[in-house]
Structure formats: structure tokens, C-alpha cells
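Student: I have a new chain to look at, and I'd like to know what the labels on it rest on. Can we talk it through?

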Amino acid sequence: MKRNKMVLVAAVLSGSLLFSSCVGSFGLFNRLTTWNQSLGNKFVNELVFLAFNIVPVYGVAYLADALVINSIEFWSGSNPMANVGDVKKVKGENGNYMVKTLENGYSITKEGETASMDLIYDKETNTWNVVANGESAELVKMNNDGTADLFLPNGEKMNVTLDAQGMMAARQATTSNLMFAAR
């Protein structure tokens, strides 16, 4: 009985370690499945699906994503499979938004409008900046010590740790600053 409990505890702890990491976007595998789905009717898709499982194209693509591409994305912060110019539709609280992938960030436009807001990453300064109406402002600066400087709407700078506690503090600070600015 005691041994069964120990095995269960060991399995739960092992599982928590396996499932607590950053999961990448699996760009290669997703692009492959999207291509398959765009080929034609469901019979053609099924034939290609079966063929790609017999000749392990899906398996190789998934393994390449898991071991190489997602690791590059995690450590470099950029996805080598991202296509510059890709546009995705994202549903938000205030309507739909079009998000276009740029070489160094993203351009976000509300559906039906022409004005856009760009999120630009500057590798030299290791910062994310927002550009709107011709004006640029720093949002986040990643530091080499495992922290980040958050630039708040009121002009203050807040240093946070890159963990759950730091993210909670950042969320509280930005929420309270936005409420204060709205008054």
C-alpha cells in the first residue's frame, strides 16, 4: 500500500515537471497539417494523412518541432517558422483584430479601421516597443539577470522577476495604473 502511494506521488511529480515547461508553437507541424487540410475534400486529406503517417512525415515534423524549432523559439525569442507577412484574425473583447507578422514584431489593426499599432522588438536594446500614430514608447526591457523592466503608463519603471509572482505584481501595477489614468 505504501509503495503504491510512493509510485503515485513519483508519477504525479514527474508529470508536473514534464508539463510545466514552455510549449512552443509547433510551427512546422501545424503548417504541414494546414497544408494537408487545404488540398481538397476529406478523402484526399485522409489519403495524405495516412501516407504521411506510413512514411513518417508527421512524426519527423513533430520531432523536429519538439527538439529543434521550439528550442530555438524558446531561447532566441523568435520562431524560425514564422512567416513575415502572415495575417491572422484574432477575436478580442472589442471586436476582431488583424495581426500581421513583421520581421521584428507584429502589426495590429482593428477590423474595419486603417490605423494600426505595432509591437516592435529591438534586439540591440532587448526591448519591446509600441509604435502608434508615429510615436514610439518602450513597453518592456528584458534584463540579463532574469528580470524585466516594465514601463508603466504613468512614466514609472517597474522591475519584475520573470516568474508567476513577478507577473502577478506586473499585472496589478498595470491594472492600478490604468484605473488611476482613467479617473
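Here is a short chat about the helices, the strands and what is covered.

Tutor: Sure, and keep in mind that this is a predicted model.

Student: What elements does the chain have, and in what order do they run?

Tutor: There are five helices and eight strands. From the N terminus on, they go α-α-α-α-β-β-β-β-β-β-β-β-α.

Student: What makes Leu-32 in helix H2 a buried residue?

Tutor: Buried means under 20% relative accessible area. Leu-32 is listed as buried, along with Gly-27, Thr-33 and Asn-36 of H2, so each of these falls under that 20% cut-off.

Student: What do those buried residues pack against?

Tutor: They pack against helix H3 (42–54) and helix H4 (57–76).

Student: Why is strand S1 called hardly covered?

Tutor: S1 covers residues 87–92, and the count of buried residues among its six residues is zero. With buried set at under 20% relative accessible area, that means none of the six meets the cut-off.

Student: How do you know that S1 and S2 pair?

Tutor: Two strands pair if DSSP finds at least two bridges between them. S1 and S2 (residues 95–102) have six bridges, so they count as a pair, and the sense is antiparallel. One of the bridge partners is Lys-100 in S2, which sits across from Val-87. A hairpin of two residues joins the strands.

Student: And how much of the whole chain is buried?

Tutor: Buried residues make up 21% of the 183 residues. The chain exposes about 13,700 Å², with 61% of that supplied by carbon and sulfur atoms.

How values were computed. Residues are numbered from 1 along each chain as its sequence is written. This is a predicted model: local features need pLDDT of at least 70, side-chain atom pairs count only at pLDDT 80 or more; totals for chains, interfaces and linings use all residues. Side-chain values use heavy atoms; hydrogens and water are left out. Buried means under 20% relative accessible area, exposed over 50%, partly exposed in between (1.4 Å probe, protein chains only). Helices (H or I, at least four residues) and strands (E, at least two) are DSSP runs, numbered from the N terminus. Contact means heavy atoms within 4.5 Å. Accessible areas come from the Shrake-Rupley method with a 1.4 Å probe; for residues, only the protein chains shown count as cover.
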